[in-house]
Protein chains: 2
Amino acid sequence: MKLQLALDTVSLTEARRIVDELQDLIDIVEIGTPCIFREGVNAVREIKKAHPGLEVLADLKIMDAGDYEARLAYDAGADIVTVLGVATDVTIRRVVQAAQDCRKQVLVDMIAVKHIEERAVHIDTMGVDYICVHTAFDLQEHKNPLDDLKRLSSLVQQAKVAVAGGIDAQMLKNIVPYAPDIIIVGGAITKQSEQRNAALEIREIMP
Amino acid sequence: MKLQLALDTVSLTEARRIVDELQDLIDIVEIGTPCIFREGVNAVREIKKAHPGLEVLADLKIMDAGDYEARLAYDAGADIVTVLGVATDVTIRRVVQAAQDCRKQVLVDMIAVKHIEERAVHIDTMGVDYICVHTAFDLQEHKNPLDDLKRLSSLVQQAKVAVAGGIDAQMLKNIVPYAPDIIIVGGAITKQSEQRNAALEIREIMP
């Protein structure tokens with residue numbers, strides 16, 4: 001079980017400081033969508049250059065032009081790029097092909113997918129590396145990713161499973177029994193005053 | 001009927017040169033998603049600063065964190081930001097609210113929306129400025145936006161209608177009778193050796 005740290009609303013300078021401080025506690029650094037919007041894929045390049053031993057995920061949430069956009073991230077040093085589960089099959093397949101060409105990986109973000117079980121089973125046949133159960137930030141007041149994780153964890157056979165969406169230490173205790181391959185945590189670490197203690201607490205709950 | 005020039009795969013330097021050359025022929029400059037990924041919203045800032053008289057659209061294709069991400073683009077100088085029609089209603093509403101707070105505009109990109117008529121009628125009640133019929137780049141070998149435009153142009157009552165997806169001069173002749181408010185053209189101008197002539201040809205077909 002890997003820990004992915006999502007860096008969304010922090011500046012690139014702050015992101016670098018956080019990753020420096022927590023590098024021994026995390027497996028994957030996520031350059032979040034807002035960070036990409038602010039900095040471009042240069043943020044991916046900077047973090048990968050500073051921490052070549054960590055995996056870096058570029059959360060582009062690709063919706064179209066799968067080949068072109070995935071290569072932008074891979075060329076900048078990303079190990080994993082995200083494509084949306086609501087994108088067309090052609091777009092997902094083009095991201096998968098780009099990943100194979102570049103010897104990199106693909107995570108499909110199932111955010112806002114309707115009929116999520118049916119869609120996950122289909123996407124699971126497409127050669128993607130990860131399928132990510134993800135409750136939108138905009139819905140987290142009313143919902144968490146646990147229900148979808150329960151539904152998908154046994155259905156997804158080929159891909160690994162990731163889970164995201166407002167995960168904190170308390171929620172993580174309920175998630176661990178479903179054994180996802182990646183736990184994605186953002187604000188429960190980055191928005192705490194004692195970030196290293198928060199990351200340690202998360203890490204201790206993980207098997 | 002406005003002409004929106006989509007700048008996707010060109011560098012920021014090349015984008016500036018193209019906008020300088022075509023400024024009198026276009027109404028809206030679109031900083032395309034790949035350009036945002038390469039440059040961040042700095043590309044929006046640069047183009048708006050160089051051409052304050054043109055509208056600038058930031059094609060973020062927002063899928064979550066509607067308030068935060070829309071403000072990133074508006075703060076950089078964007079007049080219009082895009083949100084995906086496949087995003088949740090909450091996310092679309094938060095982008096609309098941010099737009100109203102900032103006195104800016106919202107375009108909903110209907111790319112890959114299933115049951116597009118039903119969804120467009122619903123989104124049309126949400127206070128968005130534009131609903132955009134958009135055939136994905138990854139599908140343009142087999143499909144164009146004309147069929148969806150025919151279906152939506154009479155259904156959408158409150159919002160204005162935009163159309164995108166591989167539009168060239170030939171296709172434009174079939175689009176004009178449906179009187180969309182914005183015609184979005186990218187490669188049919190930017191990928192031509194004589195870009196000004198290509199833009200003039202497009203402009204002459206528009207009423």
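How many salt bridges does a search of the whole structure find over all chains? The search finds 32 of them in this predicted model, and several appear in the views below.

**Figure 1. Symmetry relation of chains A and B.** A turn of 180° with a shift of 0.0 Å along the axis lays chain B on chain A, and the RMSD is 0.0 Å. This relation is that of a two-fold axis. In chain B, the C-alpha nearest the axis belongs to B:G40 and lies 2.0 Å from the axis.

**Figure 2. The contact between chain B and chain A.** Chain B contributes 32 residues to the contact, and chain A contributes 32 residues. Of the interface residues of chain B, 100% are also interface residues in chain A, so the copies meet through the same surface. The size of an interface is often given as the accessible area lost when the parts come together. For chains B and A the buried area is about 2800 Å², with carbon and sulfur atoms giving 65% of that area. B:F37, B:M63 and B:D138 supply 27% of the area that chain B buries against chain A, which is more than any other three residues supply.

**Figure 3. Polar and charged pairs across the contact, and the elements of chain B that take part.** Four salt bridges are counted between chain B and chain A. One salt bridge joins the side chains of B:R94 and A:D138, with an N to O distance of 2.9 Å. Polar contacts between the two chains number 18 residue pairs, with both residues at pLDDT 80 or more. On the side of chain B that touches chain A, the elements giving two or more residues are α2 (33-39), β3 (55-62), α4 (66-75) and α5 (89-102) of chain B. The largest share, six residues, comes from α2(B). By type, the residues on this side of chain B divide into 17 nonpolar, seven polar and eight charged.

**Figure 4. Surroundings of A:T82.** A:T82 belongs to strand β4 (residues 80-84) of chain A. With a relative accessibility of 2%, below the 20% limit, A:T82 counts as buried. Its side chain makes a polar contact of 2.8 Å with the side chain of A:D59. A polar atom of the A:T82 side chain also lies 2.8 Å from the backbone nitrogen of A:K61. With neighbours within four places in sequence left aside, A:T82 is in contact with A:L57, A:A58, A:D59, A:L60, A:K61, A:I62 and A:L107.

**Figure 5. Surroundings of A:I189.** A:I189 is placed in helix α9 (residues 187-190) of chain A. The relative accessibility of A:I189 is 0%, and this residue therefore counts as buried. When residues up to four places away in sequence are not counted, A:I189 touches A:L5, A:L22, A:Q195, A:A198, A:A199 and A:I202. The C-alpha atoms of A:I189 and A:E201 are 9.5 Å apart in space, and the two residues are twelve residues apart in sequence.

**Figure 6. Salt bridges between distant parts of a chain.** In chain A, A:K2 and A:E55 form a salt bridge whose closest N and O atoms are 2.6 Å apart. The pair links strand β1 (residues 2-7), which holds A:K2, with strand β3 (residues 55-62), which holds A:E55, across 53 residues. A:E55 is buried at a relative accessible area of 18%, whereas A:K2 is partly exposed at 30%. A salt bridge of 3.2 Å, N to O, brings together the side chains of A:D27 and A:R203. A:D27 lies in the loop between α1 (12-22) and β2 (28-31) of chain A and A:R203 lies in helix α10 (residues 195-205), so this pair ties together parts that are 176 residues apart in sequence. A:D27 counts as partly exposed at 24% relative accessibility, and A:R203 is partly exposed with a relative accessible area of 26%. In chain B, a salt bridge joins B:K2 and B:E55, with 2.6 Å between the closest N and O atoms.

**Figure 7. A salt-bridge network in chain A.** The network links A:E117, A:K143, A:D148 and A:R151.

**Figure 8. Positive phi values in two loops of chain B.** Most residues other than glycine have a negative phi. B:R103, which is not a glycine, has a positive phi of about 55°. B:R103 sits in the loop between α5 and β5 (105-109) of chain B and is exposed, with a relative accessible area of 78%. B:A112 likewise has a positive phi, near 60°. B:A112 is found in the loop between β5 and α6 (116-123) of chain B and counts as partly exposed at 24% relative accessibility.

Conventions: Residues are numbered from 1 along each chain as its sequence is written. Chains are lettered from A and ligands numbered from 1 in the order in which they are written. This is a predicted model: local features need pLDDT of at least 70, side-chain atom pairs count only at pLDDT 80 or more; totals for chains, interfaces and linings use all residues. Side-chain values use heavy atoms; hydrogens and water are left out. Copies are superposed by least squares on the C-alpha atoms of residues with pLDDT of at least 70 in both. Contact means heavy atoms within 4.5 Å. Buried area is the accessible area (1.4 Å probe) that two parts lose on being put together, summed over both. A polar contact is a pair of N or O atoms within 3.5 Å; within protein, one must be able to donate a hydrogen and the other to accept it, and residues adjacent in sequence count only if both atoms are side-chain atoms. Helices (H or I, at least four residues) and strands (E, at least two) are DSSP runs, numbered from the N terminus. Ala, Val, Leu, Ile, Met, Phe, Trp, Tyr, Cys and Pro count as nonpolar, Asp, Glu, Lys and Arg as charged, and the others, Gly among them, as polar. Buried means under 20% relative accessible area, exposed over 50%, partly exposed in between (1.4 Å probe, protein chains only).
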